[in-house]
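Thanks for sharing this one; here are a few comments from my side. Please have the structure open while you read.

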Amino acid sequence: MKARIKFRKYGALRFIGHLDVMRYFQKVMRRAEIPIAFTGGFSPHMIMSFASPLGIGLESDGEYLDIELTEPIKSNEAVRRMNEAGVEGIEILSFLQIAEEKKMTGMTILAAADYLVTPKADLCSSKLFPVNWQDTFSSFMKQDEIRVMKQTKRSEREVDLRPLIYHWECRGDSVFVRTAAGSTENLKPDLIIDTFLKYAGWLSPARESLTAASFTFRRLEMYAETGRDGKKELVTLESFGGEMN
């Protein structure tokens with residue numbers, strides 16, 4: 001039996017890395033007495049996989065962790081136990097049963113993610129950053145192509161970012177972007193912002209403090225692709241699960 005856990009990560013815990021998040025959940029599973037399955041062999045470990053590791057410093061309202069269970073547990077009971085066993089900074093939002101197939105894990109089916117990008121307070125008050133920056137961002141996004149050299153683990157190649165940005169809009173003082181995510185194509189929002197700053201000409205020596213680090217990034221949700229015949233249709237990873245009663 002497999003389950004999908006949705007959680008949010010916020011506050012001070014946004015600064016812990018992915019390995020620490022894994023260790024955190026291993027401890028929470030034990031303290032909450034969740035009947036999680038272990039691998040066999042001489043060094044057994046909990047069977048769990050994250051849909052997509054979250055970068056250090058990012059907050060999120062939609063993180064996903066898939067686990068394997070040895071026996072059923074009520075969804076509301078699992079959520080309650082895990083939140084009571086945890087600490088402020090990570091909150092369990094749902095605990096749902098999912099299909100048994102390996103091809104349906106969050107890591108495998110992940111296709112897109114939502115982000116909210118906001119200038120930090122000190123940037124907004126800086127003379128280096130124009131108040132109407134969203135107008136420039138709109139012009140940036142209206143380009144037919146957004147070409148940039150993208151660094152991978154093995155090489156560097158030129159890519160067009162525009163097809164990897166499925167949707168965008170201005171929201172208050174922020175911008176919202178829905179980007180490609182997963183093992184096939186993956187676009188991080190900080191690359192979009194760094195490319196935007198270069199487009200705007202705001203990376204001159206006088207403005208060297210303007211980088212993606214001058215913004216906050218919040219992941220809002222993650223999606224799988226269910227469209228057919230070339231038609232894109234995205235559904236949340238949470239929608240693949242059902243309550244255990």
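The points below deal with a helix and its packing, a strand and its partners, and some salt bridges.

1. A reminder to begin with: this is a predicted model. Please read every distance and accessibility below as a computed value from that prediction.

2. Helix H5, residues 133-141, is a nice place to start, with Trp133, Gln134, Phe137, Ser138, Phe140 and Met141 buried. These residues lie on the same side of H5, because they cover an arc of only 160° around the axis. As background, an α-helix has 3.6 residues a turn, so residues three or four places apart point the same way.

3. What do the buried residues of H5 pack against? Their partners are four strands, E5 (110-119), E8 (165-171), E9 (174-180) and E10 (215-225), together with helix H6 (189-200).

4. E10 deserves a closer look, as it is mostly covered, with eight of its 11 residues buried. With E5, strand E10 pairs in the antiparallel sense over nine bridges, and alanine 113 has methionine 222 in E10 as its bridge partner. Strand E3 (residues 59-68) runs parallel to E10 and is joined to it by two bridges; here serine 60 is partnered by arginine 219.

5. E10 also pairs with strand E11 (residues 234-236), in the antiparallel sense and over three bridges. Glutamate 225 stands opposite leucine 234 of E11. The side chain of glutamate 225 also meets that of lysine 232 in a salt bridge (3.2 Å, N to O). Glutamate 225 is partly exposed at 31% relative accessible area, and lysine 232 is partly exposed too, at 45%.

6. How many salt bridges does the structure hold? There are 16. Arg8, Glu59, Asp61, Glu91 and Arg218 are linked in a network of them.

7. I would point readers to aspartate 114 and arginine 178, whose closest N and O atoms are 2.6 Å apart in a salt bridge. Aspartate 114 lies in E5 and arginine 178 in E9, so the pair ties together parts that are 64 residues apart in sequence. Aspartate 114 counts as buried, at 4% relative accessibility, whereas arginine 178 counts as partly exposed, at 22%.

8. For a local example, see arginine 23 and aspartate 20, whose side chains form a salt bridge (2.9 Å, N to O). They are about one helical turn apart because three residues separate their positions in helix H1 (residues 18-31). Arginine 23 is partly exposed at 43% relative accessibility, and aspartate 20 is partly exposed at 40%.

Methods. Residues are numbered from 1 along each chain as its sequence is written. This is a predicted model: local features need pLDDT of at least 70, side-chain atom pairs count only at pLDDT 80 or more; totals for chains, interfaces and linings use all residues. Side-chain values use heavy atoms; hydrogens and water are left out. Buried means under 20% relative accessible area, exposed over 50%, partly exposed in between (1.4 Å probe, protein chains only). The arc is that of the directions from the helix axis to the C-beta atoms. Contact means heavy atoms within 4.5 Å. Two strands pair if DSSP finds at least two bridges between them. A salt bridge is a side-chain nitrogen of Lys or Arg within 4 Å of a carboxyl oxygen of Asp or Glu.
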